[in-house]
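Student: I am new to this structure. Please take me through the salt bridges closely, one pair at a time, and then show me what surrounds them.

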Amino acid sequence: MSVLGNRTYRRLFVAQVVALAGSGLATVALGLLAHRLAGGDAGLVLGVALAIKMVAYVFFAPLATALAERLPRRGFLVAMDVVRAVVALALPFVTEVWQVYALIVVLQAASASFTPTFQATIPSVLPDEEEYTRALSLSRLAYELESLLSPVLAAALLTVVEANRLFVGTAIGFAASAALVLSVVLPKPVESGSRSVGGLRVYLATPRLRALVGLNLAAAAAGSMVLVNTVVVVREELGLGDSFVALALGTYGAGSILAALLLPRVLSRLGERHVMLGGAGVLVFVLTISAFQALSWTAVLGAWAALGLAGAAVQTPIGRLVRRSAEPGGWPGLFAAQFTVSHGGWLLTYLLAGSLGAWAGMSITLLALAVVAAGGLVFAARVWPAHDPSTVEHVHDNLAPDDPHLMDAVPSGRGWVHAHEFAIDRVHPRWPQRPE
């Protein structure tokens, strides 16, 4: 928590928290709005709406990031918050499903513009590596707490206000975020080093990061089942009320919180590979078991809590892998690549969860998502070496003998051999094979 001593970061963190709280209320409210408009097809409507969100994140984010570089960063962030607040206030007045989709396009285009720009701001606010690491951990904890507290807050509010009023809370969160961003002066972003290369290229060329393609997909498969079909399972399958929808989502968040509290100690003993692959295995197991058992309120709560815990075990260590795989100047590009790859997985699984839930039922949906998660797990286990040290011995055969990078290298039959903390860059364009 000492990182909150930085005034600028503290206000940006609070802005993130209140915006997350508003988004959490919107998640519950959007599910209930979809049920009001579409009844038993609410899962399909919500799946398409969330797929639109992912399309915006995958395709609008790079364009928006390029645009943000040409505009004053603080003003750009504030403008995107204002747009999101206006859309949230408009959602309660929709009467047709297509109107939901249209407003979601605008809302998520603004979010796709805001989020990467906000993330790229933090390293320049906290240039010290240790402080930035603490900020990443604190940010993750904020996401997990939002998963727990926002549905609980929604459940409490639903006892005194109509479901559509939750969108007002969303608008308040975005407005407060805008005010807090406006209250600080933002430094210029940290520029990447001269040896860095494109983030997506580094991501796909680094085995431990390439494994994240599969792990992101496994986490998205489980998360999509929860976010898309909870309202259908609770309202249509179990016949329970709106507040139970919020409580089920809150249970999922509680599992994530438990994982966030346990993971630092577990990671220090087992390492990222064991924890993340193990978490993905639990996701496959829970989805498969849930597909073959009768749905009940107790079973849903247990499964959702387990999915939340295992999903966090897969996703929380990702930042550690990204930091280990590049010099500090290359981190923004890698985090942007992770943002794109992960949301691409969510796009696929949102559509799958929504369409199968509407047309084939919950058992088939759970089984299909279990197969997707299992495929992601197998891919990750195959491409991520069991022995994955940071320092790697490798050969250079394309550098001049007097290149400064070869000061500690020794000649071999293939070139010059040395070892150091390895990352893909212009000097190291490929992951090394064992030297002969």
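Tutor: The count comes to 3 salt bridges. The model is predicted. Take the pairs in turn.

Start with Arg84 and Asp81. Their closest N and O atoms are 2.6 Å apart. Both residues lie in helix α3, which covers residues 73-90. They sit 3 residues apart, about one turn of the helix. Are they buried or exposed? Arg84 has a relative accessible area of 5%, so Arg84 is buried. Asp81 is buried too, because its relative accessible area is 0%.

Next comes Asp388 with Arg208. Here the closest N and O atoms are 2.8 Å apart. Asp388 lies in the loop between α14 (362-383) and β1, while Arg208 belongs to helix α8 (residues 207-237), so the salt bridge ties together parts that are 180 residues apart in sequence. Asp388 has 18% relative accessibility and counts as buried, because the cut-off is under 20%. Arg208 is buried, with a relative accessible area of 1%.

The remaining pair is Arg324 and Glu272. The closest N and O atoms are 2.7 Å apart. Arg324 lies in helix α12 (residues 318-324) and Glu272 in helix α10 (residues 272-291), so this pair ties together parts that are 52 residues apart in sequence. Arg324 is at 28% relative accessibility, so Arg324 counts as partly exposed. Glu272 is buried, at a relative accessible area of 7%.

Now widen the view. The chain holds 14 helices and 3 strands. Of its 436 residues, 52% are buried. Take the contacts between residues at least 6 apart in sequence: 81% of them join residues at least 24 apart.

The loop with Asp388 leads to β1, so turn to the strands. The 3 strands form an open sheet in the order β1-β3-β2, with antiparallel pairing. β1 and β2 stand at the edges with a single partner strand each, so one side of each has no neighbour in the sheet. β1 (residues 391-396) pairs with β3 (residues 416-421) over 6 bridges. Within that pairing, Glu393 has Ala419 as its bridge partner, and His396 stands opposite Trp416. β2 (residues 410-411) joins β3 over 2 bridges. Pro411 in this pairing also stands opposite Trp416. The hairpin of β2 and β3 has 4 residues between the strands, and Gly415 there takes a positive phi near 155°.

One residue of β3 is His418. His418 is buried, with a relative accessible area of 5%. Among the residues that His418 touches are Val392, Glu393, His405 and Asp408. The C-alpha atoms of His418 and Asp408 are separated by 6.6 Å, though the two are 10 residues apart along the chain.

Finish with helix α11 (residues 297-315). Its 19 residues should span 27 Å at 1.5 Å a residue, and its end C-alpha atoms are 27 Å apart, which agrees. Buried residues in α11 include Ala299, Trp304 and Leu307. Leu309 is also in α11. Leu309 has 32% relative accessibility, so Leu309 counts as partly exposed. Leu309 helps make a nonpolar surface patch of about 520 Å², together with Leu258, Leu261, Leu262, Val266 and Leu270. Helix α9 (residues 242-270) gives the most to this patch, with 5 residues. The chain as a whole exposes about 19300 Å², and carbon and sulfur atoms supply 63% of that.

Notes
Residues are numbered from 1 along each chain as its sequence is written. This is a predicted model: local features need pLDDT of at least 70, side-chain atom pairs count only at pLDDT 80 or more; totals for chains, interfaces and linings use all residues. Side-chain values use heavy atoms; hydrogens and water are left out. Two strands pair if DSSP finds at least two bridges between them. The expected span of a helix is 1.5 Å times one less than its number of residues. Buried means under 20% relative accessible area, exposed over 50%, partly exposed in between (1.4 Å probe, protein chains only). Patches are made of residues with over 30% relative accessible area and no salt bridge: like charges are joined within 9 Å, nonpolar side chains (Val, Leu, Ile, Met, Phe, Trp, Tyr) within 5 Å. Accessible areas come from the Shrake-Rupley method with a 1.4 Å probe; for residues, only the protein chains shown count as cover. A salt bridge is a side-chain nitrogen of Lys or Arg within 4 Å of a carboxyl oxygen of Asp or Glu. Contact means heavy atoms within 4.5 Å. Lists of a residue's contacts leave out its neighbours within four places in sequence.
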